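Visitor: I would like to learn how to read a model feature by feature. Where do we begin?

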Amino acid sequence: MDEGRKDLIGGALLLIAGGAIAVHCYLSYDLGSLRRMGTGFYPMLSGIALAGLGLPILLPPLLSGIAIGRVPLPPLRAAFFVLAAVAAFALLYAPFGLFPAIVAMVGLAGLASPVRTSLRDLAVMAVVLCVLAWAIFGLGLSLGLRMLNWPW
């Protein structure tokens, strides 16, 4: 798929998602005012910003006359393993903690590529992500996330 077609589809998806978020927040939440922001104010602005970022991506290929045509499906292997990695993270965090969930996520996401990723590279990536998660969420933000929870 050529770059123009990718930009056209990506920009349209950003514009649609941002617009949907902004409209949903406008209709469902209290916006408040600039001095006293309500619960929907910031999410609505985020949706507007997302839609606004989609426009500069969408317009150049649209104005140059690129036809959408047939869009091939993404590689099924990549889609399956990326979704499996996200699901594994979501399912493993509560019983085991953040570190095992990150390790499982990195391991499954490493299987998404048709090119084989070495175990050393995956281990380095998992360790770096665990250290970053601990530094950002544990030390920096003091969120109280469980880094390691042994359930037995």
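**Reading the model**

Guide: Helix α1, residues 3-28, is where Lys-6 sits. One caution before going on: this is a predicted model.

Visitor: Is Lys-6 buried, partly exposed or exposed?

Guide: Read the relative accessible area. Lys-6 has 42%. Buried needs under 20% and exposed needs over 50%. Lys-6 is therefore partly exposed.

Visitor: How far apart are the C-alpha atoms of Lys-6 and Leu-31?

Guide: They are separated by 35 Å. Along the chain, Lys-6 and Leu-31 are 25 residues apart.

Visitor: Now the rings. How is a pair of aromatic rings described?

Guide: By two values: the distance of the centres and the angle of the planes. A search of the whole structure gives one aromatic pair. The partners are Phe-80 and Phe-81, with centres 5.1 Å apart and planes at 75°. Planes over 60 degrees apart count as edge-to-face, so this pair is edge-to-face.

Visitor: Which accessibility class does each partner fall in, Phe-80 and Phe-81?

Guide: Phe-80 is exposed, at 52% relative accessibility. Phe-81 is buried, at 18%.

Visitor: Which residue lies over the face of Tyr-93?

Guide: Arg-146 does, at 5.7 Å from the ring centre.

Visitor: On to charges. How many salt bridges does the structure hold?

Guide: One. It joins Asp-121 and Arg-120, and their closest N and O atoms are 3.5 Å apart. The cut-off is 4 Å, so the contact counts.

Visitor: How exposed are Asp-121 and Arg-120?

Guide: Asp-121 has a relative accessible area of 34%, which means partly exposed. Arg-120 has 61%, which means exposed.

Visitor: Where is Asp-121 placed?

Guide: Asp-121 belongs to helix α5. Compare sequence and space for Asp-121 and Leu-98: 23 residues apart in one, 20 Å C-alpha to C-alpha in the other.

Visitor: What do nonpolar side chains tend to do in soluble globular proteins?

Guide: They tend to be buried together. Here the largest nonpolar core has eight residues: Leu-98, Ile-102, Val-106, Leu-122, Ala-126, Cys-130, Ala-133 and Met-147. Two elements give two or more residues to this core, α4 (98-110) and α5. The largest share comes from α5, with four residues.

Visitor: Which residues make the nonpolar surface patch?

Guide: Val-124, Met-125, Val-128, Leu-129, Leu-132, Ile-136, Phe-137, Leu-141, Leu-143 and Leu-145 make the patch. Its area is about 830 Å². Take Leu-132 as an example. Leu-132 lies in helix α5, residues 119-140. Its relative accessibility is 44%, so Leu-132 counts as partly exposed. A patch residue needs over 30%, and Leu-132 has 44%.

Visitor: What about loops? Where does Ser-113 lie?

Guide: Ser-113 is in the loop between α4 and α5. At 29% relative accessibility, Ser-113 is partly exposed. Met-125 is 12 residues from Ser-113 along the chain, and the C-alpha atoms are separated by 15 Å. Met-125 is also one of the patch residues.

Visitor: Let me go over α5 once more. What does α5 hold?

Guide: Asp-121 of the salt bridge is in α5. Leu-132 of the nonpolar patch is in α5 too. And α5 gives four residues to the largest nonpolar core.

Notes:
Residues are numbered from 1 along each chain as its sequence is written. This is a predicted model: local features need pLDDT of at least 70, side-chain atom pairs count only at pLDDT 80 or more; totals for chains, interfaces and linings use all residues. Side-chain values use heavy atoms; hydrogens and water are left out. Rings of Phe, Tyr and Trp (its six-membered ring) pair if their centres lie within 6.5 Å; planes under 30 degrees apart count as stacked, over 60 as edge-to-face and the rest as tilted. Buried means under 20% relative accessible area, exposed over 50%, partly exposed in between (1.4 Å probe, protein chains only). A charge sits over a ring if NZ of Lys or CZ of Arg is within 6 Å of the ring centre and within 35 degrees of the ring normal. Patches are made of residues with over 30% relative accessible area and no salt bridge: like charges are joined within 9 Å, nonpolar side chains (Val, Leu, Ile, Met, Phe, Trp, Tyr) within 5 Å. Accessible areas come from the Shrake-Rupley method with a 1.4 Å probe; for residues, only the protein chains shown count as cover. A salt bridge is a side-chain nitrogen of Lys or Arg within 4 Å of a carboxyl oxygen of Asp or Glu. A nonpolar core is a set of buried Ala, Val, Leu, Ile, Met, Phe, Trp, Tyr and Cys residues joined through side-chain atoms within 4.5 Å.
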